[in-house]
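Q: I am new to this structure and would like a close look at a single part of it. Please take one chain and describe how it is built and where it meets its partner.

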Amino acid sequence: MNVVGIDCGAKFVKALILKDDKVKAKISVLSGFGQKAAAEEALDKALEEAGLKKEDVAHITATGAGKEEAKFARSTITEVRADAKAVNFLFPSVRTIIDVGAEEGRAIKVNEAGKVVDFAINEKCAAGAGTFIETMARALEVKLEEMGPMSLKSQKSVPMNAQCAVFAESEVVSLIHAKHAKEDIVRAVHDAITDRIASMTRRIGVEKDVALVGGMALNVGFVDSLKRDLMQELIIPEDPEYSCALGAAFAAQEKAKGG
Amino acid sequence: MEKEYWRWPEYRWSSSDIDWKRGDIISAGVDVGSVSSQAVILVDGELFCYSNYRTGSGSPESAQKVMDKALEGTNLTQDKIHYTVGTGYGRVNVPFAKRAITEIACHARGANFMYGPTVRTILDMGGQDCKAIRCDDKGKVTNFLMNDKCAAGTGRGMEVFSDLLSVPIEDMGRLSFEVDEEPEPVSSICVIFAKSEAVGLLRKGWPKEKVLAAYSSAMAHRVVRLLERIKVEKDFAITGGIAKNEGVVKRIEAELKIKALEPQHDTQIAGALGAALFAKALVEKERGLG
């Protein structure tokens with residue numbers, strides 16, 4: 001039985017096809033300014049990759065900030081529950097899930113059954129989401145994908161005072177003028193976002209094992225900063241940005257089975 | 001070079017009625033803010049001259065520049081000033097100031113002079129912060145709240161929108177009323193998120209005036225929350241750069257159902273003016289008059 005999980009994120013829409021707990025296809029499409037069109041495109045591409053037609057799919061569940069835009073979905077699930085389902089399937093020992101996407105950061109506490117016990121979300125402030133790194137990359141004139149590796153080359157951290165992404169933009173420019181090494185500023189940027197994510201996670205309590213998912217888990221600089229801050233090893237799945245889509249697919253599977 | 005829409009006009013002013021040579025106490029205040037700097041010079045407590053310029057990269061240089069600009073064309077020289085007080089974000093870096101006093105105290109004192117002793121609540125909307133101040137009839141601070149962590153509700157937020165919409169900063173207020181109907185406020189608090197929300201609205205075909213109206217009311221709403229926490233007591237006055245933006249001011253007034261007092265001077269000089277008044281009092285104290 002084939003099911004689809006679709007995650008309509010702020011920056012990318014992800015579609016994932018699951019067949020009997022196995023991932024058949026996964027696709028990521030830029031959300032742009034039309035999440036509805038992006039959702040359709042993601043679904044079509046995923047079906048094509050899996051060699052399936054729409055009628056071969058038993059159920060589609062949508063999640064993500066723009067989940068209402070996936071008009072073809074038959075049910076929806078919150079991002080928090082989707083993350084919990086996916087991570088509990090992949091790593092049953094995980095009790096704390098941290099998910100950092102483009103415009104949201106989440107910390108979720110789950111029990112051994114994968115049930116959500118507590119969670120905290122930031123969706124109000126860019127300083128605690130992936131957009132922060134993107135904004136700083138622009139100010140530093142560094143390619144987004146180079147930010148992480150560059151951060152690892154830093155020898156020392158320079159202090160950054162600004163918390164707000166808008167203020168941090170000017171601060172970064174003054175740090176460049178003050179002749180600080182670019183890699184040290186990049187490290188400061190990663191430490192700054194880490195500080196916000198770590199304190200949000202501490203609010204719900206950090207219990208082992210800790211998993212990191214979402215697009216920001218692909219940024220090695222952020223991963224390094226977060227490990228240092230939490231003083232914890234982090235479990236990161238392969239393709240961490242598909243966590244919510246995978247969780248939604250599991251939800252679709254349950255629905256299709258009449259759950 | 002691209003046009004910098006956020007860049008507001010810099011200028012100076014001096015009184016033609018006052019002869020500083022007849023003055024007994026010449027006092028000055030310099031407010032080095034995060035975005036703009038002001039210098040005010042008083043002759044026996046009367047406004048003699050002032051200037052308002054963009055803060056440069058260093059506080060000492062910015063302080064000197066704004067002082068030089070205030071003195072320009074007045075034939076008063078800096079060595080004749082008896083006492084200078086520094087205030088604002090860069091107050092400890094005003095080399096020629098004898099003392100530094102916090103901008104909260106200076107704003108309240110300055111607003112008391114500018115708007116009269118009936119002022120009890122001051123909203124200072126600066127370039128990178130926003131303060132709600134309560135004071136007594138002498139302009140002494142009784143309570144205050146401040147946001148300096150987040151760009152929402154500060155001048156910087158407005159500058160970001162001025163650049164995004166290619167509207168000169170001084171036209172933003174007027175244009176924000178050129179809408180048939182007041183739109184819903186922008187839903188994001190964060191300036192970065194509000195900016196992407198605005199880009200989405202523009203793509204949907206919203207004219208820039210409507211986007212501006214939606215952002216101006218979101219900004220008004222944000223500062224009203226701060227004011228409500230400190231409780232507004234009349235009379236109410238707004239200082240700082242945003243006080244010149246009628247689009248925000250009128251929306252704050254509408255939400256509070258309180259009218260702000262009409263400013264008699266440049267609303268951005270309140271901090272420097274307060275500092276100059278403190279400087280005068282300090283001279284009097286030194287001379288044993290206070």
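A: What follows is a description of chain A, with a short look at one helix of chain B at the end. The model is predicted.

Start with the chain as a whole. Chain A contains 8 helices and 10 strands. Its C-alpha trace spans about 60 × 35 × 30 Å along the principal axes. For 259 residues, a compact globule would have a radius of gyration near 18 Å, and the 19 Å of chain A agrees with that. Of the 259 residues in chain A, 53% are buried. Among contacts in chain A with a separation of 6 or more, 69% are made by residues 24 or more positions apart.

Next comes a sheet. Chain A has an open sheet of 5 strands, in the order 8-7-6-9-10, and the pairing is mixed. Its edges are strand 8 (116-122) and strand 10 (234-235) of chain A; each has a single partner strand, so one side of each is left without a neighbour in the sheet. In general, strands of a sheet pair through backbone hydrogen bonds, either parallel or antiparallel. Strand 7 (residues 105-110) and strand 8 of chain A run antiparallel and are joined by 6 bridges. Within this pair, Ala107(A) stands opposite Ala120(A), which belongs to strand 8 of chain A.

Now the place where the two chains touch. Chain A contributes 13 residues to the contact, and chain B contributes 14 residues. On the side of chain A that touches chain B, helix 3 (131-140) and helix 5 (165-177) of chain A each supply at least two residues. Helix 5 of chain A gives the largest share of that side, 4 residues. Sorted by class, the side of chain A that touches chain B holds 7 nonpolar, 4 polar and 2 charged residues.

Finally, the helix in chain B. Helix 1 of chain B covers residues 59-71, which is 13 residues. From its first C-alpha to its last, helix 1 of chain B reaches 18 Å, close to the 18 Å expected at 1.5 Å a residue. Buried residues in helix 1 of chain B include Ser59(B), Ser62(B), Ala63(B), Val66(B) and Met67(B). Lys69(B), Ala70(B) and Leu71(B) in helix 1 of chain B are buried as well. The buried residues of this helix pack against strand 1 (11-14), strand 2 (26-32), strand 3 (36-43), strand 4 (46-54) and strand 5 (83-87) of chain B. Just after helix 1 of chain B, Gly73(B) has a positive phi of about 75°.

Key. Residues are numbered from 1 along each chain as its sequence is written. Chains are lettered from A and ligands numbered from 1 in the order in which they are written. This is a predicted model: local features need pLDDT of at least 70, side-chain atom pairs count only at pLDDT 80 or more; totals for chains, interfaces and linings use all residues. Two residues are in contact if their C-beta atoms, placed from the backbone, lie within 7 Å. Ala, Val, Leu, Ile, Met, Phe, Trp, Tyr, Cys and Pro count as nonpolar, Asp, Glu, Lys and Arg as charged, and the others, Gly among them, as polar. Two strands pair if DSSP finds at least two bridges between them. The expected span of a helix is 1.5 Å times one less than its number of residues. A residue is buried if 20 or more other C-beta atoms lie within 10 Å of its own, exposed if 12 or fewer, and partly exposed in between; C-beta atoms are placed from the backbone. The radius of gyration is taken over C-alpha atoms; the globule rule is 2.2 Å times the number of residues to the power 0.38.
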